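Let's take a look at the aromatic rings in this one, and at the charged groups that sit over some of them.

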Amino acid sequence: DTFSPASLMKVPLMIAYFKWAEREPAILARRLSFNGAVDRNARQSIKPSHSLTPGKSYTVEDLIFRMIVYSDNNAALVLHANINETYLLSVYRTLGIDKPSMQRGPCTLSIKTYSSVFRILFNASYLGHDFSERALRYLLQSDFQGGIVAGVPASVAVAHKFGECRTNDQQLIQFHDCGIVYYPRQPYLLCIMSRGTDITTLDQKITDISRILYAELTQAEESMTAAAN
């Protein structure tokens with residue numbers, strides 16, 4: 001099945017900027033202004049804990065940080081308006097994502113397609129090691145503690161991104177969470193996308209799936225250790 005990725009698309013945008021920065025490092029220090037004419041966070045159920053100030057300028061690096069860590073739609077709006085599209089289209093091609101257009105409307109993705117975003121970061125197969133690690137470090141600092149994160153012990157790090165969107169009539173909600181769970185012996189990739197009418201319920205279901213998976217992996221590991229002994 002396919003879903004609207006919503007804020008999950010902030011990760012490819014970050015990757016595009018970091019690819020640009022590999023060739024032009026100064027781009028991360030460029031300052032961009034937020035005019036505040038449109039507040040893209042207004043319709044979101046899970047709003048950023050820190051927001052941009054209208055009329056203030058920010059470095060590209062700070063905007064990337066805010067876009068990922070706080071999931072700030074306004075930071076993403078400013079970044080998207082100033083991206084060198086060559087780099088963004090290159091990321092889309094690498095990931096097999098169709099460019100959104102007015103004719104086709106918002107893009108939709110399968111879980112398999114989107115999960116490749118985290119594979120290329122973990123394997124440093126698109127960005128170099130330094131920028132792949134920087135991207136994962138930002139994802140590790142996400143301040144959203146529901147979804148996958150709530151289903152694993154607090155000591156286990158999770159590099160993840162959530163996304164939410166609503167239909168125009170506000171009745172149907174999509175809520176997603178995708179990322180890398182740094183399980184002690186072997187990190188694993190978990191990507192869950194969902195639809196429903198209540199975001200709290202969808203969030204809890206993602207947490208339940210995350211908890212069940214972590215418990216099964218732990219039990220399997222303990223069984224293997226016991227058998228070896």
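What follows is a quick tour of ring pairs, a ring cluster and charge-over-ring contacts.

Keep in mind that this is a predicted model. It holds 12 aromatic pairs, and two of them are laid out here.

| Pair | Ring centres apart | Angle between planes |
|---|---|---|
| F144 and F175 | 6.0 Å | 75° |
| Y183 and Y214 | 5.2 Å | 70° |

Start with F144 and F175: planes over 60 degrees apart count as edge-to-face, and with an angle of 75° this pair is therefore edge-to-face. F144 lies in the loop between α6 (129–140) and β5 (158–166), while F175 is in strand β6 (residues 173–181), so the contact ties together parts that are 31 residues apart in sequence. As for exposure, F144 and F175 are both buried.

Y183 and Y214 make an edge-to-face pair too, since their planes stand at 70°. This one also links distant parts of the chain: Y183 is in the loop between β6 and β7 (188–196), and Y214 belongs to helix α7 (residues 199–228), 31 residues away. Y183 has a relative accessible area of 8%, so it counts as buried. Y214 comes in at 13%, so it is buried as well.

Which residues form one aromatic cluster? They are F18, F65, Y70, F131 and Y138. F18 has a charged partner as well: the charged end of R134 sits over its ring, 5.8 Å from the centre. Elsewhere, K161 has its charged end over the ring of F162, at 4.3 Å from the ring centre.

Terms used:
Residues are numbered from 1 along each chain as its sequence is written. This is a predicted model: local features need pLDDT of at least 70, side-chain atom pairs count only at pLDDT 80 or more; totals for chains, interfaces and linings use all residues. Side-chain values use heavy atoms; hydrogens and water are left out. Rings of Phe, Tyr and Trp (its six-membered ring) pair if their centres lie within 6.5 Å; planes under 30 degrees apart count as stacked, over 60 as edge-to-face and the rest as tilted. Helices (H or I, at least four residues) and strands (E, at least two) are DSSP runs, numbered from the N terminus. Buried means under 20% relative accessible area, exposed over 50%, partly exposed in between (1.4 Å probe, protein chains only). A charge sits over a ring if NZ of Lys or CZ of Arg is within 6 Å of the ring centre and within 35 degrees of the ring normal.
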